[in-house]
Amino acid sequence: MPGHGVLQASHPAVAAAPSPHKHGSSMASGGGSGSGDSSGRRPTAQQRLRVIAGHLRKPADGGGPGVGAVECSAPGDKADAAGTRTVPRRRQEVMKWNGWGYSDSRFLFNKKGQAEFTGKRYRLSGMILPSLKDWFEGTFGASIQHKTPATPLLNPNAVKPPTLNEAFVEDLKSAGIPFSSDAGDRVFRAHGHCLHEIFALREGKVGRVPDLVVWPNSHNDVVKIVELACKHDVCLIPYGGGTSVSSALECPPEETRSIISLDTSQMNRILWIDEKNLTAHVEAGIVGQDLERLLNENGYCTGHEPDSMEFSSLGGWVATRASGMKKNIYGNIEDLVVHVKMVTPRGVMEKSCQVPRMSAGPDIHHFILGSEGTLGVVTEVTIKIRPLPEYQKYGSVVFPNFEMGVACLREVAKQRCAPASIRLMDNEQFQFGHALKPQVSSIFTSFLDGLKKFYITKFKGFDPHCLCVATLLFEGDREKVLQHEKQVYDIAAKFGGLAAGEDNGQRGYMLTFVIAYLRDLGMDYYVIGESFETSVPWDRVLDICRNVKERIIRECKEKGVQFPPLSTCRVTQSYDTGACVYFYFAFNYRGLSDPVHVYEQVEHAAREEILANGGSLSHHHGVGKLRKEWMRETISDVGVGILKSVKEYVDPKNIFGNRNLL
Amino acid sequence: MASRAPYSHRDSMLKKRDDLEDILEERRNSSDLRYALKCYAPVLYKGLTPCKSIVLKSMVLESDQLRYVINQVSKETGEAADVIQEEALAILEEMGHRLQLSTVRFFAFALSKAFKALFKSVCVNEEGIQRLQQAIQEHPVVLLPSHRSYMDFLLMSYILYTYDLALPVIAAGMDFMGMKFVGEMLRMSGAFFIRRSFGKDKLYWAAFSEYVKTILRNGLAPVEFFLEGTRSRTCKSLTPKLGLLNIVMEPFLKGEVFDVSLVPVSISYERILEESLYARELLGVPKPKESTSGLLKARKVLNEDYGSIHVYFGQPVSVRSLAQGRVNRSQFNLVPRHIPQKPSEETQGFVNDTAYRLVRAQEENMVLKPWVLVASLLLQAHYQYQGGVAPQGVALEELTEHTVWLRGLSREFGAFLHWPDNMLPSDVVSSSLSLHQGLVRVSEGRVWLALVEQGPAGAGDPCGDAAPEEKLFAQAVTVLSCASYRNQVLHVFLRPALLAAAIHTTPSAKKEDVFNSFCFLRNMMANEFILCPGADVQDFDEACYLLGKMGALQVSQLQVAATCGGYKTLNFLTAMLDPFLQGYQVVCRYLCEEAPEGLTEKQFVPAVRNFSVKLLLAGHLKHCEVLSSDLQKNALAALLRLGAVQRVKGTEQVTLKVNKMSVNSLEDTLGGKLSTQKSVLARL
């Protein structure tokens with residue numbers, strides 16, 4: 001079923017882009033969770049996948065027609081594939097240089113003061129969101145009269161001229177590997193999507209940036225680059241999707257050598273698909289949307305959908321231990337990876353076989369997973385694939401309060417019957433979700449909405465300031481999905497949960513990808529914010545949510561923030577023994593002289609609170625440089641020692657000098 | 001002298017305190033019945049609705065914490081788990097409160113009547129009440145009143161009811177429960193009962209601590225208990241007990257609540273109902289068992305004037321801010337939180353410091369009446385003249401003059417003195433004297449302590465021409481009663497007094513030597529007074545600052561010297577500590593000279609008492625405060641802490657093993673015969 005409807009057209013939209021920040025690594029990263037989607041009201045899985053595939057297809061900027069899956073699966077055809085890429089070398093031609101995502105997609109308040117989302121890529125594109133303004137002004141005490149616009153263009157004079165290692169550049173030239181020292185290219189690769197990084201760019205401030213960007217085209221190119229880097233003693237920083245939220249891409253200011261950003265985006269082919277073993281061998285620079293699209297065309301998927309999947313890359317997922325929203329079915333990146341090739345200053349590290357499991361000492365993949373670009377570059381990955389599911393269905397459940405919601409998620413996890421995705425939003429996010437409802441065209445729909453609201457709040461007695469919502473995504477055989485759905489709703493009913501329709505569920509996932517764009521809108525009006533995540537045992541979920549949210553509010557007050565911040569959370573993943581919790585926090589910074597510093601202090605305090613309450617340093621964003629200070633207490637002295645000695649052996653000259661982790 | 005942090009001038013001592021309002025005034029002008037029946041709708045934590053006691057008990061019973069311990073005990077004893085569970089239920093039944101509004105209303109009515117009969121006024125700082133109201137809505141609250149009288153907790157609940165605040169759940173000693181009817185009444189007004197000692201009874205501990213924590217975690221009601229553990233018979237603050245404080249901090253430390261507010265409350269009585277009862281008890285007349293009929297007999301007290309009560313609700317203290325940087329809360333990450341764990345050393349230290357801090361806060365906000373100054377002066381005069389000719393007493397004008405002088409001194413030191421500014425000082429002194437006519441005699445313009453010879457003392461003193469020993473005890477009752485008022489002001493003078501005494505016993509004026517003596521005395525007296533552990537340097541600096549400010553000392557980089565003008569102040573301060581220093585020396589002396597081998601802990605108090613009686617009667621000793629069992633026990637605790645005496649657990653009894661060398665040397669050092677440098681303390 002080809003495109004029915006709208007979205008499919010050329011590029012539609014969906015996809016996930018999640019939270020502003022999601023992911024991270026030096027390479028791209030993987031993120032949290034889910035993606036939104038689109039498709040008609042009752043999409044079949046096929047339909048939806050088409051849609052996704054559609055969206056993800058890159059607009060024709062560069063060129064050629066879509067990549068045929070066939071080519072991909074035929075080993076050896078690499079060359080042909082090279083023409084079609086979602087991510088061009090000059091990223092700034094498609095994406096914002098100082099904000100999230102595609103240049104053509106952004107929120108703005110139009111002349112009538114209504115919020116709208118521009119562009120054509122997403123389901124929400126071109127729509128009016130009538131209640132967003134009130135929510136925005138009411139929640140933050142902000143006003144759309146008070147603007148803080150970003151510097152529109154990068155001033156190349158603000159960028160220091162590159163310090164080039166001439167001999168290295170010469171050798172690179174003779175190796176025939178493309179590179180650039182253009183200011184725009186370099187600035188684009190000097191940052192991820194942490195608040196302070198974007199805030200500085202918006203103000204036109206640029207710190208230390210890479211001196212050169214190189215675009216290897218294959219594993220062998222990378223081997224060559226790493227050899228040259230060792231030979232000439234330059235610093236290499238791998239760059240994947242650039243969606244890091246851990247300061248992993250920041251150039252260490254103390255680095256005196258020439259810094260080379262190794263952009264893997266051109267290594268984006270599927271080298272082969274093995275249908276007997278259900279694996280695919282893929283170059284690591286491929287971004288999530290391309291990978292899914294190409295596999296879909298062959299009737300497969302990986303099922304790995306971090307919120308950042310539009311932009312984050314396979315190599316980045318591996319390097320940061322990414323997690324996808326459908327991990328309940330497909331697993332996290334460490335479950336998906338069958339084989340990894342990594343180029344290090346010592347040579348290439350890989351296993352000799354592609355087996356489901358082996359006992360041969362500690363798993364060397366685990367030195368690679370989460371290494372955050374400190375040991376080498378991931379160049380090729382063999383990843384598990386699955387046939388496309390037949391059917392997909394969204395759903396949602398309203399609970400009278402967050403406690404009941406968490407209890408329900410816990411029970412679902414206990415019975416091991418979690419749907420592909422199950423997420424619980426707290427009351428604030430529920431209200432936020434409502435603010436993102438597009439204009440309803442028919443009176444009937446708005447009447448229906450009113451009726452639903454009446455039923456839940458008046459008839460069922462739910463307090464609109466307490467109730468919260470779980471969003472669900474089921475996937476699989478049609479029959480099984482329906483059965484599964486019933487099972488989950490039955491459990492939910494035991495915890496006072498009422499089914500609240502597919503629409504709410506879908507909007508919940510949509511929120512995930514637009515929220516990243518929304519941060520840019522906030523920054524236009526004195527509002528800054530960020531999200532961060534953790535994982536925590538089940539028995540502490542409620543405590544950590546309450547304490548961290550409260551801590552944020554209190555810290556803001558103490559730091560002189562004039563208006564109470566938005567401090568909200570949701571449970572985005574569940575496991576047998578615990579859950580992943582995301583916190584969102586944003587505030588109006590009018591009246592503060594150094595808002596970013598205040599922001600950082602609050603985030604720091606919030607992380608301290610997380611650790612004090614038994615949460616982890618990170619569930620999937622990684623450590624980067626932002627969370628380095630807590631590594632020792634997180635993994636113990638010996639743990640740090642082991643990692644150090646590995647680094648010492650693999651990269652004694654610190655060629656991979658991004659200084660993440662340790 | 002070790003490196004010392006620069007001393008920040010402690011003007012916080014002189015901080016402004018709130019004004020106090022008399023809540024009885026309205027009671028005198030409007031109907032008590034209407035007041036008792038008024039609409040009572042307190043705000044609760046996060047707008048919670050109150051929960052029934054049955055619900056609470058089942059929450060406790062079903063908690064993971066208690067279930068874990070039940071299973072553990074069941075495994076250890078071989079009893080079936082449901083048997084143990086029954087036991088736990090029985091414990092909860094015995095313990096639990098059953099707040100009933102009707103009972104509260106009854107108390108509101110009855111206490112209004114009683115208070116009006118007994119007291120001139122009950123004054124409360126309303127700003128403190130407002131702060132409390134705020135705190136109750138934000139976080140679970142723990143109320144920590146000082147404990148000087150049985151009245152304390154009824155009074156607390158009465159005040160909270162008056163201001164329409166949530167009534168607390170109060171940890172009370174089991175002894176109250178013995179009072180049949182009253183016990184139940186107290187239960188219905190919010191008291192729950194804990195056994196005084198339950199040693200290693202895991203089940204009891206688990207049931208009890210879970211009971212308290214459940215209330216706190218859910219913010220069901222403010223929890224109230226007495227940090228000092230028991231009523232202070234001496235009116236000095238007692239060394240805080242840590243058990244309950246540990247329990248109430250745990251929900252915060254384990255992340256179960258965002259914060260807990262601790263609210264120190266200072267209750268001061270102008271005249272204590274139990275005044276002579278306490279003195280007798282300290283002298284060895286055992287405490288009467290609480291009984292309803294005893295309480296009824298106490299009715300006769302209704303005919304006397306007990307002056308005013310002042311209740312000061314202190315600044316709520318956030319456990320979170322206290323713990324910031326002191327306790328690593330992630331220590332609880334690796335064991336499930338419902339499994340009981342012994343607190344880490346770090347946590348214990350933190351709880352201990354917090355406890356001291358809170359007791360200090362209680363002390364600092366304790367309203368002092370002029371009488372405490374008068375009592376201090378009279379007592380000093382008594383000791384001074386005693387041993388000389390027949391007691392002459394003090395001329396009234398002289399007393400007034402000294403009291404005014406002392407008023408100035410105590411204010412400089414930050415005392416929270418309630419001095420009626422609209423009255424002549426002589427009138428203030430006279431009215432103080434007349435309120436305490438049981439303790440003083442005034443005649444022909446002279447004032448002295450009402451010792452037995454001077455005429456009939458307070459009711460119940462049987463001795464006209466009794467045996468000298470009985471006479472001595474009768475005198476001691478008056479002296480100890482009087483001392484209990486002096487003790488109320490001790491905390492104001494304590495640090496300067498320790499410094500004055502240190503200067504007194506140190507031959508040189510070198511600051512370092514004085515500091516050493518100061519530390520020695522401070523260490524020696526650490527069980528007697530509230531001296532925060534490890535705060536030697538701060539205390540020394542504070543004392544130097546205060547006395548320097550008064551011009552009594554000249555403090556330079558290397559020297560600390562008394563000034564000529566400082567004589568009076570220093571003398572007064574030294575004399576303040578004298579009874580204690582003497583007392584401790586007597587205890588040491590007894591242990592060195594008379595204590596038999598195998599002296600048991602139980603025998604210790606009576607034996608020291610007999611020894612002191614002999615010395616007093618022989619005229620070798622003038623401070624009969626040494627007869628106080630409180631002082632004797634504190635001295636023993638200090639010696640045990642310093643290792644000069646050891647407890648040896650025998651099969652049936654605990655005996656005391658005395659290191660005579662050390663004790664002897666401590667005694668000499670106390671008496672100033674041995675310099676602190678050479679003192680055994682260095683070696684201990």
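Two faces of strand β17(A) are both covered: A:C468, A:A470, A:L472, A:F474 and A:G476 point one way, A:V469, A:T471, A:L473 and A:E475 the other way, and all are buried. Buried means under 20% relative accessible area, exposed over 50%, and partly exposed in between, with a 1.4 Å probe and protein chains only. The count for β17(A) is nine buried residues of nine. Strands, like helices, are DSSP runs numbered from the N terminus: E for strands, at least two residues; H or I for helices, at least four residues.

This is a predicted model, in which local features need pLDDT of at least 70 and side-chain atom pairs count only at pLDDT 80 or more, while totals for chains, interfaces and linings use all residues. Residues are numbered from 1 along each chain as its sequence is written, chains are lettered from A and ligands numbered from 1 in the order in which they are written, and side-chain values use heavy atoms, with hydrogens and water left out.

**Pairing around β16(A) and β17(A)**

Strands of a sheet pair through backbone hydrogen bonds, either parallel or antiparallel. Here two strands pair if DSSP finds at least two bridges between them. The table lists pairs in chain A.

| Strand | Partner strand | Sense | Bridges |
|---|---|---|---|
| β15(A), residues 391–399 | β17(A) | antiparallel | nine bridges |
| β16(A) | β17(A), residues 468–476 | antiparallel | five bridges |
| β16(A) | β20(A), residues 566–574 | antiparallel | two bridges |
| β2(A), residues 115–117 | β3(A) | antiparallel | two bridges |

Bridge partners place the strands residue by residue. A:Y391 has A:G476 in β17(A) as its partner. A:S421 is matched with A:L473 of β17(A). A:M425 stands opposite A:V469 in β17(A). A:M425 also has a partner in β20(A), namely A:R570.

Strand β16(A) spans residues 421–425, and five of its five residues are buried. A:S421, A:R423 and A:M425 point one way from this strand; A:I422 and A:L424 point the other way.

**A three-strand sheet**

Elsewhere in chain A, an open sheet of three strands has the order β1-β2-β3, with antiparallel pairing. β1 (107–109) and β3 (128–129) stand at the edges with a single partner strand each, so one side of each has no neighbour in the sheet. Helix α18 (residues 501–523) of chain A packs on this sheet and touches β1 and β2 of chain A; its direction makes about 45 degrees with that of β1(A). Such axes are lines fitted to C-alpha atoms, for helices over the stretch in contact, and angles run from 0 to 180 degrees between N-to-C directions. Between β2(A) and β3(A), A:E116 stands opposite A:I128.

**Chain A overall**

Chain A has 21 helices and 21 strands. Of its 662 residues, 62% count as buried. Contact means heavy atoms within 4.5 Å. Among the contacts in chain A with a separation of 6 or more, 79% join residues 24 or more positions apart. The accessible surface of chain A comes to about 24,300 Å², and 54% of that belongs to carbon and sulfur atoms. Accessible areas come from the Shrake-Rupley method with a 1.4 Å probe; for residues, only the protein chains shown count as cover.

**An exposed residue in chain B**

B:I54 is found in helix α3 (residues 53–62) of chain B. This residue counts as exposed because its relative accessibility is 64%.
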